[in-house]
Amino acid sequence: MRQSLRDKIIAVCDRKIAQKGPDVGLSFYAFFANRNDDSDMLMEAATWWIKTHELDHFEKAAKIREMVLAGK
């Protein structure tokens, strides 16, 4: 996964956790605007989330943050 996507995921997770607490859930769509402004990055996130790790539609932000920091 490219570094810019890793940075974006961590920033969004940090913000969501700060706003709603450590049990907040999110989907990979949380990392993108409602419009498709970067389809390559969206597909990269979707592939990592769905195909590589077979995650549920909603996962805890803290779990996703830790996975990205661990380089998974």
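Helices and strands here are DSSP runs, helices of at least four residues and strands of at least two, numbered from the N terminus. The structure is a predicted model, and with that convention in hand a good place to enter is the end of helix α3. Just after α3, G71 takes a positive phi of about 80 degrees. A similar note applies to helix α1, since G21, just after α1, has a positive phi of about 95 degrees.

Helix α3 itself covers residues 61-69, and its buried residues are A61, I64, M67 and V68. These residues span an arc of only 130 degrees around the axis, which puts them on the same side of α3. As a reminder, an α-helix has 3.6 residues a turn, so residues three or four places apart point the same way. The cover over the buried residues of α3 includes α1 (3-20), β1 (25-26), α2 (39-52) and β2.

Helix α1 can be read in much the same spirit, beginning with its length. For its 18 residues, a rise of 1.5 Å a residue predicts a span of 26 Å, and the end C-alpha atoms are indeed 26 Å apart, which agrees. Buried in α1 are L5, R6, I9, I10, V12 and C13. Their arc around the axis is only 165 degrees, which puts them on the same side of α1. On the face turned away from that buried side, α1 carries the exposed residues Q3, A18 and Q19. The packing partners of the buried residues of α1 are β1, α2 and α3.

Within α1, I9 deserves a closer look. With a relative accessible area of 2%, I9 is buried, because the cut-off for burial is under 20%. Leaving aside neighbours within four places in sequence, I9 is in contact with M1, F31, I64 and V68. The C-alpha atoms of I9 and T52, by comparison, are separated by 16 Å, with these positions 43 residues apart along the chain.

The contact between I9 and I64 leads into the nonpolar interior. In soluble globular proteins, nonpolar side chains tend to be buried together. The largest nonpolar core in this model has 21 residues, and F31, W49 and I64 touch the most other members. Two or more residues of this core come from each of α1, α2 and α3. Helix α2 gives the most to the core, with six residues. Not counting residues up to four places away in sequence, I64 touches I9, C13, L26, F31, W48, W49, L55 and E59.

The last of those partners, E59, brings strand β2 into the picture, as E59 lies in that strand (residues 59-60). At a relative accessible area of 11%, E59 is buried. Beyond neighbours within four places in sequence, E59 is in contact with V24, G25, L26, W49 and I64. The side chains of E59 and K63 are joined by a polar contact of 3.2 Å. This pair also forms a salt bridge, with the closest N and O atoms 3.2 Å apart. Whereas E59 counts as buried, K63 counts as partly exposed at 37% relative accessibility.

Side chains of opposite charge can pair when their charged atoms come close. A search of the whole structure finds five salt bridges. One of them joins E44 and R2, whose closest N and O atoms are 2.6 Å apart. This pair links distant parts of the chain, E44 being in helix α2 and R2 in the segment before α1, 42 residues apart. Both ends count as partly exposed, E44 at 22% relative accessibility and R2 at 33%.

A salt bridge also connects K60 with D23, with 3.3 Å between the closest N and O atoms. K60 is in strand β2 and D23 in the loop between α1 and β1, so the pair ties together parts that are 37 residues apart in sequence. Here K60 counts as partly exposed at 41% relative accessibility, while D23 is exposed, with a relative accessible area of 59%.

Conventions. Residues numbered from 1 in each chain as written. Predicted model: local features only at pLDDT ≥ 70, side-chain atom pairs only at ≥ 80, totals over all residues. Heavy atoms only, no water. Buried < 20%, exposed > 50% of the residue type's maximum accessible area, 1.4 Å probe, protein only. Polar contact = N/O pair within 3.5 Å; in protein donor to acceptor, adjacent residues only side chain to side chain. Contact = heavy atoms within 4.5 Å. Arc of directions from axis to C-beta. Expected span 1.5 Å × (residues − 1). Core = buried A, V, L, I, M, F, W, Y, C linked by side-chain atoms within 4.5 Å. Salt bridge = Lys/Arg side-chain N within 4 Å of Asp/Glu carboxyl O.
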